Amino acid sequence: MIYLKKISKIFYPKSIALKDINLHIKPKEFVSIVGQSGAGKSTMIKILTAEEKASNGNVVVGGWDITDISQKEVPVLRRQIGVVYQDFKLLQKKTVFENVAFALEVCGISNSRINQVVPQVLKIVGLKDKMDRYPQQLSGGEIQRAAIARALVHRPKILLADEPTGNLDSLNTKDIIDLLLKINEFGTTVVLVTHNKDVVNRIKKRVVLLESGKLVSDEEEGKYIL
Amino acid sequence: MLSSGSRVLKFAFQDFFRNFWLSFVTLTILVLALFSINLLIIFNLVAQASIGAIEDKVNVSVYFKPEITQDQVLAVSKNLQGLNEVKDVTYISSEQALENFKTRHQDNPEILQSIDELGKNPLGASLIVTAKVTDQYTKIMQYLAEPHYDNLIESKNFDDHRLVISRISNLMSKVNTGVVAVALVFVIIALLIIFNAIRMAIYTHKEEIMAMKLLGATNWFVQAPFLLEGIIFAILSVLLTIIIVYPLVGVIQPYVSSLLETNFNLVTYFTNNFFTIFGLELLGAILINLISSYWAVSKYVRV
Ligand SMILES: Nc1ncnc2c1ncn2[C@@H]1O[C@H](COP(=O)(O)OP(=O)(O)OP(=O)(O)O)[C@@H](O)[C@H]1O
Ligand SMILES: [Mg+2]
């Protein structure tokens, strides 16, 4: 599903965010990416969505070599991936419903379909009764769930979640991780970026460890060892 | 495509109303810029009209000797009318001249009495010549100075007007270049202000534009609502400008006509040239809005 072949990313003048990363993620896999702040985790996600271009190496997503993807094709790629951003990127001037609907509007889905699907997804993340609120009127956990709903609503084959439990208490964190696991059970490939040691140890799935841009360990049923 | 078109429309209007304060400020700036351009147009029209009014009062009076016959005078008149520079020649007979003289001095019995005592009309016929353009009077004067007119013409009063005429031509060319220069500076300032206002308005959408792009929106899908909003702004601002300019012109008009004593009418001018004036302003506003929106959004769609 995802191939990174000898990926490097250098931010000029001299910040090396990623160095010679080789990674293969199979369909329906659940992979946690861990590592210290500044290790290059978000950069890796950005390369997968063509937000950043790799300085070296090849990137294949869903069988599509996106190493030299053109501006025109970028939207096509992004519509096949769901992303929960570290800073959420919810639109402040739109309600929760509109924010989630927006991901479908961008893909040209009909209004009747949107009105049908969006409440379903909001129900799954437990925000059905808050769908007319604006992001400022939500708690941190609710914002993160709204961001997940938006990342899922177009049924992507791949879900990339960058710190989706960033500032949450353990109960909220558990809810969100359970949600991700459930999504994964339904057949979506999930890439989870996290700092949270307990999370990684609890889910008992594959763990990839980055250290200053280098991939230093990659284990099935790994543990967060730091 | 149909649903994406209606979505563009929806987003454009949603943005307009949800950012009402910003929309209001942008619109105000547009209206102020357009209004100032119209003020400039009004000023220019009034200036032209006043120059025209003064010019109309400038002429050369050619007084003929009393013994010259009407036929001779009319022959000169015909020659003058044949000149390229001459706009109009009015003939005043000696009887008419005497009549005018008497009415002008009707309060002065001494003068009237001395005229009566003379027993015959001391005044000759005269011609009032107006030129097409004020600086052509010198040419007309040169023509009238030819020797064969010497024994026909008693006097010409152009000299009295020479200074006024040269001042007017001077003033006119100065006003013209002044107005053009002011207009140019003004249009540039207006363009920069509008450009900046739109750039600011779109800057507040920076995050939103980038988020749209990350969700897989095409550049067109991101751009279109802003371009449409630019067109809506342009149309609204021109409408508001029309609503402001007409009453203003209506208020100014009586002063202009009483001051200049002409039948030049600002309101009629604006009505007759409605589509030229406001059509061009609309076109200009749409163009500048589209260009600034496109440029401002382009900076953020490259995510
Ligand atoms: N646009 C950029 N320009 C220059 N350097 C950058 C840029 N983006 C990231 N970096 C650098 O690349 C390195 C990796 O950044 P990245 O955001 O991938 O870290 P991270 O692992 O996601 O950290 P965190 O856990 O804090 O989110 C950092 O040293 C960062 O300073
Ligand atoms: Mg990060």
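**View 1. The side chains of A:D87 and A:K89 meet in a salt bridge.** In this predicted model, the N-to-O distance for the pair is 3.4 Å. How accessible are the two partners? A:D87 is partly exposed, with a relative accessible area of 47%. A:K89 also counts as partly exposed, at 22% relative accessibility. With the cut-off for buried set at under 20%, A:K89 stays in the partly exposed class because its value is 22%.

**View 2. A salt bridge joins A:R202 to A:D178.** Here the side chains come together with 3.5 Å from N to O. The contact links distant parts of the chain, as A:R202 belongs to helix α7 (residues 197-203) of chain A and A:D178 to helix α6 (residues 170-185) of chain A, 24 residues apart. Both ends are partly exposed: A:R202 has a relative accessible area of 39%, and A:D178 has one of 29%. While we are looking at charged side chains, it is worth turning to another group, in which A:E29, A:R206 and A:D218 are joined into one network by salt bridges that share partners.

**View 3. A:E52 and A:K9 form a salt bridge between a loop and a strand.** The closest N and O atoms of this pair are 3.7 Å apart. What does the pair tie together? A:E52 sits in the loop between α1 (41-48) and β4 (56-61) of chain A, and A:K9 in strand β1 (residues 2-11) of chain A, so the bridge connects parts that are 43 residues apart in sequence. The two ends fall into separate accessibility classes: A:E52 counts as partly exposed at 24%, whereas A:K9 counts as buried at 8%. For the wider picture, a search of the whole structure finds ten salt bridges over all chains.

**View 4. Four strands of chain A form an open sheet with antiparallel pairing.** Follow the strands across the sheet and the order is β2-β1-β4-β5. Which strands stand at the edges? They are β2 (15-25) and β5 (64-65) of chain A, each with a single partner strand, so one side of each has no neighbour in the sheet. Two bridges join β4(A) to β5(A), and these strands run antiparallel. Within this part of the view, A:V60 stands opposite A:D65 in β5(A). Helix α1(A) lies across β1, β2 and β4 of chain A, running at about 115° to β1(A).

**View 5. Strand β6 (residues 81-84) of chain A is covered on both faces.** In a regular strand the side chains alternate between the two faces of the sheet. On one side of β6(A) are A:I81 and A:V83, and on the other are A:G82 and A:V84; all four are buried. Strand β6(A) pairs with strand β7 (residues 158-162) of chain A in the parallel sense, over four bridges. To find your place along the pair, look for A:V84, which stands opposite A:A161 in β7(A).

**View 6. Chain A as a whole contains seven helices and ten strands.** Its radius of gyration is 17 Å, close to the 17 Å that the globule rule gives for 226 residues, so chain A is as compact as a globular protein of that length. Along the principal axes, the C-alpha atoms fill a box of roughly 45 × 40 × 35 Å. Of the 226 residues, 53% count as buried. Among contacts with a separation of 6 or more, 66% are between residues 24 or more positions apart. The accessible surface comes to about 10700 Å², and 49% of that belongs to carbon and sulfur atoms.

Technical notes:
Residues numbered from 1 in each chain as written. Chains lettered and ligands numbered in written order. Predicted model: local features only at pLDDT ≥ 70, side-chain atom pairs only at ≥ 80, totals over all residues. Heavy atoms only, no water. Buried < 20%, exposed > 50% of the residue type's maximum accessible area, 1.4 Å probe, protein only. Pairing = 2+ DSSP bridges. Salt bridge = Lys/Arg side-chain N within 4 Å of Asp/Glu carboxyl O. Rg over C-alpha atoms; globule rule 2.2 N^0.38 Å. Contact = heavy atoms within 4.5 Å. Areas by Shrake-Rupley, 256 points an atom, 1.4 Å probe, with all protein chains shown as cover. Axes fitted to C-alpha atoms, helices over the stretch in contact; angles between N-to-C directions.
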